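Visitor: I am new to this structure and would like a close look at one part of it. Please take me through the salt bridges.

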Amino acid sequence: MDADNWEKAGEAFVSVDPMKRFGRPEEVGHLVAFLLSEESGFINATVIPIDGGQSEQY
């Protein structure tokens, strides 16, 4: 990766993502808040990808 051209590296990274963008911190925060709430009380022993659908491609 070219450290002098990080914007181009970022564009290449998100080009394979179905949403074509980086995730926002608040999107991660919403999941964390839900998992810490009583509404998620029956969820356990699982992995919840928060990657804009990128992991579904593999």
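Guide: What follows is a walk through the salt bridges and the residues that form them. This is a predicted model, in which local features need pLDDT of at least 70 and side-chain atom pairs count only at pLDDT 80 or more, while totals for chains, interfaces and linings use all residues. Residues are numbered from 1 along each chain as its sequence is written, and side-chain values use heavy atoms, with hydrogens and water left out.

A search of the whole structure finds three salt bridges, a salt bridge being a side-chain nitrogen of Lys or Arg within 4 Å of a carboxyl oxygen of Asp or Glu. Glutamate 27 pairs with arginine 21, and the closest N and O atoms of that bridge lie 2.7 Å apart. Glutamate 27 also forms a salt bridge with arginine 24, where the closest N and O atoms are 3.4 Å apart. Arginine 24 in turn has a salt bridge with glutamate 26, with 3.0 Å between the closest N and O atoms. Taken together, Arg21, Arg24, Glu26 and Glu27 are linked in a network of salt bridges.

As for accessibility, buried means under 20% relative accessible area, exposed over 50%, and partly exposed in between, with a 1.4 Å probe and protein chains only. Glutamate 27 is partly exposed at 24%, and arginine 21 is partly exposed at 29%. Glutamate 26 has a relative accessibility of 40% and counts as partly exposed, and arginine 24, at 40%, is partly exposed as well.
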